[in-house]
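Here's a quick tour of the model, with an eye on its pocket, its charged pairs and a few bits of its surface. Load it up and follow along.

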Amino acid sequence: MNYPWKTVGPVYHWDHGGGHTHHHGDDRIIVSHKIPRVEGHGGIKLRIGRRDRKVKDLIVDVEESPRFFEEMLVGHRFDEIAPIISRICGICSIGHTIASIKATEKAFGIHVSKQTLRLRKVIVNAATLQSHVLHAVLLVLPDLLGLPSMFPLAEAQPDLVRRALWLKKLANDLCDSIGGRTTHPVTLVVGGMTDLPRPVEHDMPAEWLPEEVLEEFGKRLELARPHLGLLVDLLKTLAPGIPQFARERELIALKSDADYGLYDGCIFSNDTGEAPVWNYLDYLREFEVPHSTAKWARHNRLSYQVGAQARVSNNFDRLHPRAQEVARELGYVVPCHLIFGNTLAQVIECVHVVEDSITLIHELLDAGLVDEGKPSVTPCEGRGVAAHEVPRGLLVHDYGYDRHGRIVSANAVIPTSQNYGNLLEDLRLMVPLIADRSDDEIRHECERVVREKDPCISCSVHKFLQTEFVE
Amino acid sequence: MKPKVAIFDFADCEGCELQIGNCEEVLPLLLRLVDIVRFRLVHSTALDEFDEQETYNIAFVQGSITTPEARERLERIRERSTILIAMGACAISGGVQTMVPAETLERAHNGEFGECIKELDVFPPEPLSTFIQVDYSLPGCPIEKREFLAAVAALLSDGKPHLPEYSVCVECRKRENPCVVLEGGICLGMVTRGGCLARCPTRREGCRGCRGAVPGANLMALFPILEQKGLSEDDIRARLGMFNSKLMGDAK
């Protein structure tokens, strides 16, 4: 399984202070703090034996301050929960909002209308597209081309960056139009939606009706195809240079009979099959690590992976045929066990969510939009557990309510927390293969692996602080 | 030489800096006008904030301060910046995390959330202005893109960023929205600073006050109005304090 490890493109020149190296006895200690181009503040500390080149210590250091979100929710009314918990993370705010209102709806026994369901699925698709384009093109692609960031990338590949920004804007506009705001959405509430899609300010005529707005988005989504096509073509030329290092792993994602399962489904593992969402505590077992304040999660093995790679692997047959075609063009084999298998999966999903949104918009228009008004909600005592696939993977929210609709208990299982163990296992396997390189190169490669997993460190530290791996 | 702009973050959700990344159409123009020298969310070389040589013409800082290390880093950023702008509710007034009960932090110090948090000297979230002088503020949770760009434009032309001194209600009326309160809903628009173009009430969802109190807001007068909607005094205070407990939640 061990492929020769090679760096793609030149290793860019480090500015001062990206990290430091020192020696401890015979060992090399490599530190990277505040890894750039990831969401949140985190670093790596790595100790490599000078002679045997083995990884002795590997710490993913989370420098984010804890913000105690679950504690914050207790006592608050049901209509304040989603707006509060979405502030865990701006980038994942639509995902948190969806998971939160779904959990509250489960607790109160509320079923939403078909129209609401479709509109929510479109906004979930748009949020996924936004997040994936940001990560794949603006954060990861500079690595593949040996550039330090999107700013020089914009000079080297102006056309590509222009198209990526166009896609990102399309996704943001969709979120804005349906959700009322791209970050921390407004219209997504318990029981339904407060409003129908509206024209995007300074972009569409203000007098447009919701139907005209959706029609316009349908057209723009069709225009997205060639932009994505160009990105896929570029990745096809770069794909042979992506390190093919593999480690067999457990991949967990939601699975649904109805569709690709981003909005809802049951929990599915490639190791053990299906399980119901309410049983998540038995399934996604969180546990304490010695010398660590962060909980890790495990299921069937030491670690598992969630996110685009897991979803594409487990639900390949539910992908839109065009997305399946792109997967084949990119040589993406499922289930994918590659360390660098997440970004390509994200690009495949970009194709899927564009096609799926076009279908959903047609369905919405065919059925005819109905102004359902702001939903009225009768709270009751109970517990609600909901799972949702956010761009970075499986997210579970679990709330207990009293009879007045106030939170008595809350728990959230975050994708990045679930991925920490998997990330460290990947790093531990990779580092010995590149231990003969310079410290800067090793640091750079480790940062690339962290970035590839698209961690959201803000989310992972909603309660805890630091993860640590001690050999 | 182009002015040097830096973007820094502390304890927050990074939603505000994401708004800068979301200015897709304007970004190329912005990059022609200024050098963005520090923007860790998207830029690799921006790492050592303690480089003695480096100074910034404009620093945008988001997030609240919760540790002594963060406070020290903030003070260093201030020393290096000509103009420092607090960006978003967390930086201006502490943000949602100010709702964390005091006893949670006590439990953290007692080690209930693990040794690392116990060792880390976490204190209740403080806005930037507790520790340093803040020149301007961009309110909101998150900030409005439009106001960010307007602030940059104002500063580049030797002007001053300007915020509306009227409430969200003024903008809501201008947009001819039906009033959320009159339709039976809960809305804080009447005491909240405008500038968001009544974003939430326009979508028929009450304002949650993320932009903080408008100058001269009569917070007391809000209580009887919202009590009619079935909210208790504590509920109203909780709502007022959601994003800006330092500005609004201490009312009454």
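## Reading the exposure labels

A residue counts as buried under 20% relative accessible area and as exposed over 50%, with partly exposed in between. One thing to keep in mind throughout: this is a predicted model.

Take A:Asp159 as a trial case. Its relative accessible area is 31%, so A:Asp159 is partly exposed. Its salt-bridge partner is A:Arg163, and the two side chains meet at 3.0 Å, N to O. A:Arg163 comes in at 19% relative accessibility, so that residue counts as buried. Why are the two about one helical turn apart? Because A:Arg163 and A:Asp159 sit four residues apart in helix α6 of chain A.

## The largest pocket

Helix α6 of chain A turns up again here. The largest pocket has a volume of about 1100 Å³, and 44 residues line it. Nearest its centre you'll find A:Asp176, A:Val200, A:Glu201, A:His202 and B:Arg199. Three elements give two or more residues to the lining: α6 (158-179) of chain A, plus α7 (145-156) and α9 (199-202) of chain B.

Which element gives the largest share of the lining? That's α6(A), with five residues. If you're thinking about the chemistry of the wall, the lining splits by class into 17 nonpolar, nine polar and 18 charged residues.

## A salt bridge between chains

Across all chains, a search of the whole structure turns up 52 salt bridges. One worth zooming in on pairs the side chains of A:Asp195 and B:Arg203, at 2.7 Å from N to O. A:Asp195 is in the loop between β6 (192-193) and α7 (210-238) of chain A, while B:Arg203 is in the loop between α9 and α10 (219-227) of chain B, so this pair joins two chains. Are these partners buried or exposed? Both A:Asp195 and B:Arg203 are buried.

## A pair within one helix, and a network

Now hop over to helix α11 (residues 233-249) of chain B, which holds both B:Asp234 and B:Arg237, three residues apart or about one turn of the helix. Their side chains form a salt bridge too, at 3.4 Å, N to O. B:Asp234 has 54% relative accessibility, so it counts as exposed. B:Arg237, with a relative accessible area of 23%, is partly exposed.

Some salt bridges share partners, and this links A:Lys169, A:Asp173, A:Asp203, A:Glu216, A:Arg220 and B:Glu25 into one network. Select those six names together and you can see who is in it.

## A nonpolar patch and a strand end

For something greasier, look at B:Leu29, B:Leu33 and B:Leu156, which make a nonpolar surface patch of about 240 Å². B:Leu29 belongs to helix α2 (residues 27-33) of chain B. Why does B:Leu29 count as partly exposed? Because its relative accessibility is 42%, and partly exposed covers the range between 20% and 50%.

Last stop: A:Lys255, in strand β7 (residues 250-255) of chain A. Its relative accessible area is 21%, so A:Lys255 is partly exposed. A:Lys255 and A:Asn314 are 59 residues apart along the chain, and their C-alpha atoms are separated by 7.7 Å.

How values were computed: Residues numbered from 1 in each chain as written. Chains lettered and ligands numbered in written order. Predicted model: local features only at pLDDT ≥ 70, side-chain atom pairs only at ≥ 80, totals over all residues. Heavy atoms only, no water. Patch = residues over 30% accessible without salt bridge, like charges linked within 9 Å, V, L, I, M, F, W, Y side chains within 5 Å. Areas by Shrake-Rupley, 256 points an atom, 1.4 Å probe, with all protein chains shown as cover. Salt bridge = Lys/Arg side-chain N within 4 Å of Asp/Glu carboxyl O. Buried < 20%, exposed > 50% of the residue type's maximum accessible area, 1.4 Å probe, protein only. 1 Å grid on protein atoms, 1.4 Å probe; cavity = no way out; pocket = protein on both sides within 12 Å on 5 of 7 lines; lining within 4 Å. Points joined across faces, edges and corners; volume = space filled by probe spheres on them. Nonpolar A, V, L, I, M, F, W, Y, C, P; charged D, E, K, R; others polar.
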